Amino acid sequence: GDDNSGRKVITFSCCRMPPSHQLNHTRLLEYLKYTLDQYVENDYTIVYFHYGLKSLNKPSLKWLQTAYKEFDRKYLFSSIIYDIQKSSNSLFFFFFPRYKKNLKALYVVHPTNFIKILWNIFKPLISHKFGKKVTYLNYLSDLREHLKYDQLNIPQEVIRHDENLRRKQKGKLPPVVKVPPPRPPLPTQQFGVSLQYIKDKNKGELIPPVMKETISYLKSKGLQVEGLFRRSASIQTIKDVQKLYNQGKSVNFDDYHDIHIPAVILKTFLRELPQPLLTFECYDHILGITSVESSLRVTRCKQIIQGLPEHNYVVLKYLICFLHMVSQESIYNRMTASSLACVFGLNLIWPSKGTASLSALVPLNLFTELLIDFYTNIFHSRTVPGE
């Protein structure tokens, strides 16, 4: 899933850890490295569900020493916090310079008092900058303030534990907060509404204003900016810009003195569409791209794209044309087609229910990379009136 700033979210659930004697710790280490390596070059967030960590499934000190050597060889391991006592509430973190740099938030859900005490003991040894990234959340509902809660795949054991905690709080459940019914969208709404709605409210224009303005600005001032689309921006600023667009007011990105703001706004717009730009119907077809012979994959991409609704096709073509331009400047901005695909893949397509699995990331990103790399080949054969 994503947090409220568009950063990718990595979750770790202790209750999913099997007993130590049943776990292949070598494979676990490789899995951790594989997962983190996909995200650490961009800004990202970690959600740590502590419930379920017990002496039975707690990683051994020997394994941590192995992990130390593995990560230190490549990432210059800087510090470890690990409780080697017999307490079933122990907690461990790995903090590497490479990982800390782009880690923007670490949410520890259902922390025990022991964890808080341990944190306070080691806090003087941890940089103030990193310490500000750590947030303790006592209940799952607290996550809603920080990220898209419904996108998270939270284990049922954690949900039941959360319910039990709430029942124990003063012997009763907290008062139910009445949620007002959703307001109808404004006539000028840009975020969270369909492409068709935006088209109908903008005199039939196929390209949404927010896309046209952000891409135009980035074309003129951002093509050679290193790390374009990798960096986040102030959450409040992004909300303010969204509000201006939704109210139909003009936005001058020069006023913000941050080239990453229009970049984040573009990603946010795509992510908040009710249906992904590549449509739910294409999801399974896109997952099958890795089973296609390498020499035929571009042709297969073209076939899938040809099946898109006319409006989606036009908007996608407009976006991919721009991303192709960005990739052509990768010697300056370091954003190759592969890098851009990692950023935009899940902003263009996601499943109709739940979130994309880890295994789905490979075909989704590969498909997006092919669209960017072979833009001219894939999109040249179909023209749409009015594009």
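Let me start with one residue, His 324. Leaving aside neighbours within four places in sequence, His 324 is in contact with Ile 372, Asp 373 and Tyr 375. Where does His 324 lie? It lies in helix α13, which covers residues 310–328. Is it buried or exposed? The relative accessibility of His 324 is 18%, so it counts as buried. The cut-off for buried is under 20%.

A word of caution before we go on. This is a predicted model. Please keep that in mind for each value I quote.

Now the overall picture. The protein chain has 387 residues, and 49% of them count as buried. How many helices and strands are there? The secondary structure comes to 17 helices and 6 strands. The chain exposes about 20,000 Å². Carbon and sulfur atoms supply 52% of that area. Next, the contacts. Take those in the chain with a separation of 6 or more. Residues 24 or more positions apart account for 77% of them.

Let's turn to the sheet. It is an open sheet of 4 strands, with parallel pairing. What is the order of the strands? Reading across, it goes β1-β2-β5-β6. β1, residues 8–13, and β6, residues 134–137, stand at the edges. Each of these two has a single partner strand, so one side of each is left without a neighbour in the sheet. Neighbouring strands here are turned by 20 degrees against each other on average, direction ignored. As a general reminder, strands of a sheet pair through backbone hydrogen bonds, either parallel or antiparallel.

We can walk across the sheet pair by pair. Start with β1 and β2. They run parallel, and 6 bridges join them. Lys 8 stands opposite Tyr 44 in β2. Val 9 stands opposite Thr 45, also in β2.

Next come β2 and β5. β5 covers residues 103–109. Again 6 bridges join the two strands, and they run parallel. Ile 46 stands opposite Leu 106 in β5. The bridge partner of Val 47 in β5 is Tyr 107.

Last, β5 and β6. They pair in the parallel sense over 4 bridges. Here Val 108 stands opposite Tyr 136 in β6.

So much for pairing. What about cover? Take β2. Why can we call β2 largely enclosed by the rest of the structure? Because 6 of its 6 residues are buried. Both of its faces are covered. On one side sit Tyr 44, Ile 46 and Tyr 48. On the other sit Thr 45, Val 47 and Phe 49. All of these are buried. β5 is mostly covered: 6 of its 7 residues are buried.

Now to the helices, and α6 first. Helix α6 runs over residues 156–168. Its buried residues are Val 158, His 161, Asp 162 and Arg 166. Seen down the axis of α6, they fall within an arc of 140 degrees, so they line one face of the helix. What do these buried residues pack against? They pack against β2, residues 44–49. That brings us back to the sheet. The length of α6 can be checked too. At 1.5 Å a residue, its 13 residues should span 18 Å. The end C-alpha atoms of α6 are 19 Å apart, which agrees.

Helix α8 is next, residues 209–221. It also has 13 residues, with an expected span of 18 Å at 1.5 Å a residue. The end C-alpha atoms of α8 are 18 Å apart, which agrees. Which residues of α8 are buried? They are Pro 209, Val 210, Met 211, Thr 214, Ile 215, Tyr 217 and Leu 218. These buried residues pack against four helices: α7 (195–201), α9 (235–246), α10 (260–271) and α13. Note α13 in that list. We met it at the start, with His 324.

One more stop, in α7. Asp 200 has its place in this helix. Is Asp 200 buried or exposed? At 52% relative accessibility, it counts as exposed. The cut-off for exposed is over 50%. Along the chain, Asp 200 and Pro 187 are 13 residues apart. Their C-alpha atoms are separated by 9.4 Å.

That's the tour. Thanks for listening.

How values were computed: Residues numbered from 1 in each chain as written. Predicted model: local features only at pLDDT ≥ 70, side-chain atom pairs only at ≥ 80, totals over all residues. Heavy atoms only, no water. Expected span 1.5 Å × (residues − 1). Buried < 20%, exposed > 50% of the residue type's maximum accessible area, 1.4 Å probe, protein only. Arc of directions from axis to C-beta. Contact = heavy atoms within 4.5 Å. Areas by Shrake-Rupley, 256 points an atom, 1.4 Å probe, with all protein chains shown as cover. Pairing = 2+ DSSP bridges. Axes fitted to C-alpha atoms, helices over the stretch in contact; angles between N-to-C directions.
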